[in-house]
Amino acid sequence: MKTINDGRIIKFAKFCLVGVFNTLITLCTIFICKSLIGLNEYVSNAIGYILGVVNSFLWNKQWVFHSHGRYRHEALKFAIGFGLSYTLQLLTVVALNTSDFGNLIIDTGIITVSGYGLATVIGCGVYTISNYAYNNIITFKNLSSHD
């Protein structure tokens, strides 16, 4: 029997899957633009992120949230959500990295993990959760209790 929480878990899993593909598209685009085409690394990075955000918006609108709202209106809200979530992520990383947490070093014998590395992973979690919540509640206005 499917419950309301099952639907929310599936939606969040789809959101995360879009994020994985989005990351691959972004990284591949940067590589192609910089290494194969020879564009400046910052231009390549910008193109990669623009394609990644556009890809993310389209897949989230259609597949994750099944939205039928206006593209321009939702795209603007999506971009604002990206900016807010990125800012939260960055603030989290900076706060952790400039505290004693940033001095942490874990040597497992196989890999060494720094405080900055862990802060980055935590920041990614903050980004993912805040971006999902923003898009679910604001961008695609999915306030119904029966997702």
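These legends describe close-up views of a predicted model.

**View 1. The largest nonpolar core has eight residues.**
Its members are Phe15, Val18, Phe57, Val64, Phe65, Phe78, Tyr132 and Phe140. Two elements each give two or more residues to this core: helix H1 (4-37) and helix H2 (41-64). Start with these two helices, then find the eight side chains.

**View 2. Phe140, one of the core residues, and its contacts.**
Which residues does Phe140 touch, not counting residues up to four places away in sequence? Phe57, Phe65 and Phe78 are among them. These three also belong to the largest nonpolar core. Phe140 touches Asn60, Lys61, Ser67, Glu74 and Asn135 as well.

**View 3. Cys16 and Cys124, with zero disulfides in the structure.**
A disulfide is a covalent bond between the sulfur atoms of two cysteines. The structure holds zero of them. Why is there no bond at Cys16? The closest cysteine sulfur, in Cys124, is 11 Å from the sulfur of Cys16, and that is too far for a bond. The cut-off for a disulfide is sulfur atoms within 2.5 Å. Seen from Cys124, the closest cysteine sulfur is the one in Cys16, again at 11 Å and too far for a bond. Cys16 is partly exposed, with a relative accessible area of 29%. Cys124 is partly exposed too, at 43%.

**View 4. A nonpolar patch on the surface.**
Six names to find here are Leu17, Val20, Phe21, Leu24, Trp59 and Trp63. Together they make a patch of about 580 Å². H1 and H2 are the elements that give two or more residues to the patch. Which element gives the largest share? The answer is H1, with four residues.

**View 5. Val20, a patch residue in helix H1.**
Is Val20 buried, partly exposed or exposed? Its relative accessibility is 47%. Buried means under 20%, and exposed means over 50%. Val20 therefore counts as partly exposed.

**View 6. Ala79 in helix H3.**
Helix H3 covers residues 71-97, and Ala79 has its place there. Ala79 has 40% relative accessibility, so this residue counts as partly exposed. How far apart are Ala79 and His66 in sequence and in space? They are 13 residues apart along the chain. From C-alpha to C-alpha, Ala79 and His66 are 18 Å apart.

Note on methods. Residues numbered from 1 in each chain as written. Predicted model: local features only at pLDDT ≥ 70, side-chain atom pairs only at ≥ 80, totals over all residues. Heavy atoms only, no water. Core = buried A, V, L, I, M, F, W, Y, C linked by side-chain atoms within 4.5 Å. Buried < 20%, exposed > 50% of the residue type's maximum accessible area, 1.4 Å probe, protein only. Contact = heavy atoms within 4.5 Å. Patch = residues over 30% accessible without salt bridge, like charges linked within 9 Å, V, L, I, M, F, W, Y side chains within 5 Å. Areas by Shrake-Rupley, 256 points an atom, 1.4 Å probe, with all protein chains shown as cover. Salt bridge = Lys/Arg side-chain N within 4 Å of Asp/Glu carboxyl O.
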